[in-house]
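Please look over the sequence and the model before reading on. The paragraphs below go through the chain as a whole, then its helices, then its strands.

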Amino acid sequence: MKQLFKKPSYYLISSAMDGNEKAIEKLLAFYDPYISKCCLRSLYDEYGNVCNGVQREHNKKLNNGLPILHKVPPK
């Protein structure tokens, strides 16, 4: 059976584009797992062991880049 994921509503997206800060925060919270997954990188220690980690700089850039949907500057 297919899993159904709740998607953000059109009203929420349009409110975020109009500059509603609460709507923007909800959208960022919704897409946060996706953004973190995009920033996941394989890191290697001095012994060659692999460890997956989130690159914080890229995560921050993506999170700060999303507010271009609205006219309010990012926090």
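**A walk through the chain**

The accessible surface of the chain comes to about 6700 Å², and carbon and sulfur atoms account for 59% of that area. The model is a predicted one, and the values given here are computed from it. The chain has 75 residues, of which 19% are buried. Its secondary structure consists of 3 helices and 2 strands. Read from the N terminus, the elements follow the order α-α-β-β-α. Among the contacts in the chain with a separation of 6 or more, 34% are between residues 24 or more positions apart.

The helices come first in this account, beginning with the core. The largest nonpolar core holds 5 residues: Leu-12, Ala-16, Ala-23, Ile-24 and Leu-27. Two elements, α1 (10-17) and α2, each give two or more residues to this core. The largest share, 3 residues, is from α2.

Which residues does Leu-27 touch beyond its neighbours within four places in sequence? Leu-27 is in contact with Pro-8, Leu-12, Ile-13 and Ala-16. Two of these partners, Leu-12 and Ala-16, also belong to the core.

Ser-15 is located in helix α1. Is Ser-15 buried or exposed? Its relative accessible area is 11%, and the cut-off for buried is under 20%, so Ser-15 counts as buried. When residues up to four places away in sequence are not counted, Ser-15 touches Asn-20 and Ala-23. Ala-23 is itself one of the core residues.

Next is the outer side of helix α2, taken from one aromatic residue. Phe-30 is found in helix α2, which covers residues 21-38. With a relative accessible area of 38%, Phe-30 is partly exposed, because that value falls between the 20% limit for buried and the 50% limit for exposed. Together with Tyr-31 and Tyr-34, Phe-30 makes a nonpolar surface patch of about 330 Å².

Phe-30 also has partners in an earlier part of the sequence. Leaving aside neighbours within four places in sequence, Phe-30 is in contact with Lys-6, Lys-7 and Pro-8. Pro-8 is also a contact of Leu-27. Lys-7 lies in the segment before α1. Phe-30 and Lys-7 are 23 residues apart in sequence, and their C-alpha atoms are 8.5 Å apart in space. Lys-7 has a relative accessibility of 67%, so this residue counts as exposed, the cut-off being over 50%.

The two strands are the next topic. Strand β1 (residues 40-44) and strand β2 (residues 50-54) run antiparallel and are joined by 5 bridges. They form a hairpin with 5 residues between them. Which residue in the turn has a positive phi? Gly-48 does, at about 90 degrees.

Individual pairings can be traced across the two strands. Arg-41 has Gly-53 in β2 as its bridge partner. Ser-42 stands opposite Asn-52 in β2. In a regular strand the side chains alternate between the two faces of the sheet.

Leu-40 lies in strand β1. Its relative accessible area is 32%, so Leu-40 is partly exposed. Which residues does Leu-40 contact, leaving aside its neighbours within four places in sequence? They are Asn-52, Gly-53 and Val-54. Asn-52 is 12 residues from Leu-40 in sequence, and the C-alpha to C-alpha separation of the two is 6.5 Å. Asn-52 is thus named twice here, as a contact of Leu-40 and as the residue opposite Ser-42. Gly-53 likewise is both a contact of Leu-40 and the bridge partner of Arg-41.

To go back over the route: the core takes residues from α1 and α2, Phe-30 of α2 contacts residues including Lys-7, and β1 and β2 form a hairpin.

Key: Residues are numbered from 1 along each chain as its sequence is written. This is a predicted model: local features need pLDDT of at least 70, side-chain atom pairs count only at pLDDT 80 or more; totals for chains, interfaces and linings use all residues. Side-chain values use heavy atoms; hydrogens and water are left out. Patches are made of residues with over 30% relative accessible area and no salt bridge: like charges are joined within 9 Å, nonpolar side chains (Val, Leu, Ile, Met, Phe, Trp, Tyr) within 5 Å. Accessible areas come from the Shrake-Rupley method with a 1.4 Å probe; for residues, only the protein chains shown count as cover. A salt bridge is a side-chain nitrogen of Lys or Arg within 4 Å of a carboxyl oxygen of Asp or Glu. Helices (H or I, at least four residues) and strands (E, at least two) are DSSP runs, numbered from the N terminus. Buried means under 20% relative accessible area, exposed over 50%, partly exposed in between (1.4 Å probe, protein chains only). A nonpolar core is a set of buried Ala, Val, Leu, Ile, Met, Phe, Trp, Tyr and Cys residues joined through side-chain atoms within 4.5 Å. Contact means heavy atoms within 4.5 Å. Two strands pair if DSSP finds at least two bridges between them.
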